[in-house]
Amino acid sequence: MQDDGRPADGAHGADRSLGLAGKRPLVLVVDDDDDIADSIGDVLRGGGYDVHQVGDGHAALAAASKAKPSLVLLDWRLPNEPAGSALVRKLRDAIGHVPVVVLSADPQSLQEARAAAVSYYLPKPFDVKDLLALVDEHCD
């Protein structure tokens, strides 16, 4: 990911993401690569979002059930089940319709993600500005 020049403390943009009663939207980041998940989490926190990071489908289901996220950023190719379309289906069964944005470096996952009716697909690597614009669009 490329740095977009935003300060790490979120001084720019934090207020734009405030939802009802001043609560910041929660984004659930599901990625088995801790470095990628941490980078995405840092960017989103700097952009004014609350973030919960998990590394597999079971943890994603548990986290989503505890606190319904405004958006799920999902690495399509997780090492264990549920993953991919099965995870999207289970998330929606558990918490209702939630926007799911797929982040993946695997070109074949694009067709699978479309078939699962995800909200958007962002190929890795991606630009930080594109990620923030996408999150802003789906959390407003």
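# How do you know that?

Guide: Let's start at P125, which lies in the loop between β5 and α5. By the way, this is a predicted model, where local features need pLDDT of at least 70 and side-chain atom pairs count only at pLDDT 80 or more, while totals for chains, interfaces and linings use all residues. Residues are numbered from 1 along each chain as its sequence is written, and side-chain values use heavy atoms, with hydrogens and water left out.

Visitor: What makes something a helix or a strand with a number, such as β5 or α5?

Guide: They are DSSP runs, numbered from the N terminus: H or I over at least four residues for a helix, E over at least two for a strand. The chain has five helices and five strands, and from the N terminus they run β-α-β-α-β-α-β-α-β-α.

Visitor: What is the peptide bond from K124 to P125 like?

Guide: Cis, with omega near -5°. There is also a cis bond joining E81 and P82, with omega about 0°, and P82 sits in the loop between β3 and α3. As background, most peptide bonds are trans, and most residues other than glycine have a negative phi.

Visitor: What is the phi of A117?

Guide: Positive, about 60°, although A117 is not a glycine. A117 is in the loop between α4 and β5.

Visitor: Why is A117 called partly exposed?

Guide: Buried means under 20% relative accessible area, exposed over 50%, and partly exposed in between (1.4 Å probe, protein chains only). A117 has 46%, so the middle label applies.

Visitor: How do you know that R45 and D42 form a salt bridge?

Guide: The term asks for a side-chain nitrogen of Lys or Arg within 4 Å of a carboxyl oxygen of Asp or Glu. For R45 and D42 the N to O distance is 3.8 Å, so the pair passes. They are three residues apart in helix α1 (residues 34–46), which separates them by about one helical turn. R45, at 34% relative accessibility, is partly exposed, whereas D42, at 52%, is exposed.

Visitor: How many salt bridges does a search of the whole structure find?

Guide: Six. Another one joins D75 and K124, with closest N and O atoms 3.8 Å apart. D75 lies in strand β3 and K124 in the loop between β5 (120–123) and α5 (128–139), so this pair ties together parts that are 49 residues apart in sequence. D75 and K124 are both buried. D31 joins D75 and K124 in a network of salt bridges.

Visitor: What makes D106 and R77 a salt bridge?

Guide: Their closest N and O atoms are 2.6 Å apart, so they meet the cut-off. D106 is in the loop between β4 and α4 (108–115) and R77 in the loop between β3 and α3, so the pair connects parts 29 residues apart in sequence. D106 is partly exposed at 24%, and R77 is partly exposed at 36%.

Visitor: How do you know that the span of α3 is close to the one expected?

Guide: Expected span is 1.5 Å times one less than the number of residues. Helix α3 (residues 84–95) has 12 residues, for which 16 Å is expected, and it reaches 17 Å from first C-alpha to last. After α3 comes G96, whose phi is positive, near 85°.

Visitor: Which residues in α3 are buried?

Guide: G84, A86, L87, V88, L91, R92 and I95. Their cover includes β1 (26–30), α2 (57–66), β3 (71–75) and β4 (100–104).

Visitor: What is L87 in contact with, leaving aside its neighbours within four places in sequence?

Guide: Contact means heavy atoms within 4.5 Å, and for L87 that gives V30, G57, A60, L61, L74, L78 and P82.

Visitor: Why is a set of residues called a nonpolar core?

Guide: Because its members are buried Ala, Val, Leu, Ile, Met, Phe, Trp, Tyr and Cys residues joined through side-chain atoms within 4.5 Å. The largest one has 23 residues, and L28, V30, V72, L74, W76, L87 and V118 touch the most other members. β1, α2, β3, α3 and β4 each give two or more residues to this core. A second, separate core of 20 residues includes V29, V51, V101 and V135.

Visitor: How much of the chain do buried residues make up?

Guide: They account for 46% of its 140 residues.
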